[in-house]
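Hi,

Here is the structure I promised to pass on. Have it open while you read, and my notes follow right below it.

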Amino acid sequence: MIDTHCHIYVPQFTDDLSEVLDRAFEAGITDIVMPSIDLTSKAAMAAMHHDRIRFHPMAGIHPCDVKGTIEETALWKWAHEPDVVGIGESGLDYYWSSDYIPEQKDSFRFHCRLARELNKPLVIHNRESTFDMLAILEEEQDGRLRGIWHCFNGSSDEGKTAIDLGFHLGIGGVVTFKNGGVDKTLTDLPLDCLVLETDAPYLAPAPHRGKRNEPAYTQLVGIKLSAIYEKSLAEIDAITTETARNLFNI
Ligand SMILES: [Zn+2]
């Protein structure tokens, strides 16, 4: 099982990192894909180690950290490194950060360009900005762009639009929330377009909602999907893991 979106390198895990990773391995996690937040994430991600789990960094600048023109040259160089499996997380966030919307859009387009030119998947963060996000993807798609709409919580029509644009949907703890609505949306969307994620340390699934999230809880997301799609956890694991391996080439 793969946690395709986990900020395991942040200070919230410093004190008990090895226990967190042991629990993840016991819950079936073999690979953790790490979206970066800014250029300083690189060193923190490189320090991750566990005997049985593989770590895969991405290169990107989170939209909430866009406070002007981004350091394109440094990001360009970093994204080219062979261990970088994806571009992100990038995207738009009008909820937490509405002061720099034009700059967020410029940054998002730059990440789209990187993903296209390097043939690496783009991992998208989107909050209260779905219309603009999909419009930019449509403009930037030239047949080469692919990736994941992380923490998907749109409508089934928005999900289908993203899938038609060549994207997959990252499903995390929100699918387990009462009244979250994602579980109902998913019945209209194909399982082979989904990947599992936690977004740890944020958005812990039920029954841990409100507490620190961790990669072992990917399994709880898988269990919820097994109820929605009426398949065993092993089948959900096999299908979503294959999708994630193909996307990130890991
Ligand atoms: Zn994230």
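Let me begin inside a helix: Gly159 is found in α6. With a relative accessibility of 0%, Gly159 counts as buried, since the cut-off for that label is under 20%. If you skip the neighbours within four places in sequence, Gly159 is in contact with Phe152, Leu169 and Leu189. For a sense of distance, the C-alpha atoms of Gly159 and Ile236 are separated by 19 Å, and the two residues are 77 apart along the chain.

Before I go further, please keep in mind that this is a predicted model.

**The chain as a whole**

The chain has nine helices and eight strands. How does its radius of gyration fit with a compact globule? A compact globule of 250 residues would come out near 18 Å, and the chain has 17 Å, so the two agree. Along the principal axes, the C-alpha trace spans about 45 × 40 × 30 Å.

Buried residues account for 56% of the 250 in the chain. The accessible surface adds up to about 11,100 Å², and carbon and sulfur atoms own 49% of that. As for contacts between residues at least 6 apart in sequence, 72% of them join residues at least 24 apart.

**The largest pocket**

The volume of the largest pocket is about 650 Å³. Which residues sit closest to its centre? Out of the 24 that line this pocket, they are Trp96, His125, Arg127, Asp199 and Leu203. Two elements give two or more residues to the lining: β4 (86-93) and β5 (122-127). The largest share comes from β5, with three residues. By type, the lining divides into eight nonpolar, nine polar and seven charged residues.

**His150 and Asp199**

His150 has its place in the loop between β6 (147-149) and α6 (156-164). Is His150 buried or exposed? Its relative accessibility is 3%, so it counts as buried. Leaving out residues up to four places away in sequence, His150 touches His5, Glu89, Val123, Ile124, His125, Gly170, Glu197 and Asp199. Two names on that contact list, His125 and Asp199, also appear among the residues closest to the pocket centre.

Asp199 deserves a look of its own. You will find Asp199 in the loop between β8 and α8, and at 9% relative accessibility it counts as buried. Asp199 has a positive phi, about 65 degrees, although it is not a glycine.

**More from the loop between β8 and α8**

The loop that holds Asp199 also has a couple of backbone features to check on your screen:

- A cis peptide bond joins Ala200 and Pro201, with omega about 10 degrees. Pro201 lies in the loop between β8 (194-196) and α8 (218-229).
- A cis peptide bond also joins Ala206 and Pro207, where omega is about 5 degrees. Pro207 is found in the loop between β8 and α8.
- Gly210 lies in the loop between β8 and α8 as well. Gly210 has a relative accessible area of 76%, so it is exposed. The C-alpha atoms of Gly210 and His5 are separated by 18 Å, with their positions 205 residues apart along the chain as the sequence spacing.

**Two other spots**

Asn249 is found in the segment after α9 (233-248). Asn249 has a positive phi of about 55 degrees although it is not a glycine. Where Asp199 is buried at 9%, Asn249 counts as exposed at 69% relative accessibility.

Then there is Gly68, in the loop between β3 (54-59) and α3 (72-79). Its relative accessibility is 17%, and Gly68 therefore counts as buried, because the limit is under 20%. Setting aside neighbours within four places in sequence, Gly68 is in contact with Tyr100 and Glu103. The C-alpha atoms of Gly68 and Asp106, which are 38 residues apart along the chain, are separated by 9.7 Å.

**Where to look**

If you only have a few minutes, start from Asp199: Asp199 is one of the residues closest to the centre of the largest pocket, it is touched by His150, and it has that positive phi. From there, go on to the cis peptide bond that joins Ala200 and Pro201.

Cheers

Definitions and conventions: Residues numbered from 1 in each chain as written. Predicted model: local features only at pLDDT ≥ 70, side-chain atom pairs only at ≥ 80, totals over all residues. Heavy atoms only, no water. 1 Å grid on protein atoms, 1.4 Å probe; cavity = no way out; pocket = protein on both sides within 12 Å on 5 of 7 lines; lining within 4 Å. Points joined across faces, edges and corners; volume = space filled by probe spheres on them. Helix = DSSP H or I, 4+ residues; strand = E, 2+ residues; numbered from the N terminus. Nonpolar A, V, L, I, M, F, W, Y, C, P; charged D, E, K, R; others polar. Rg over C-alpha atoms; globule rule 2.2 N^0.38 Å. Buried < 20%, exposed > 50% of the residue type's maximum accessible area, 1.4 Å probe, protein only. Contact = heavy atoms within 4.5 Å. Areas by Shrake-Rupley, 256 points an atom, 1.4 Å probe, with all protein chains shown as cover.
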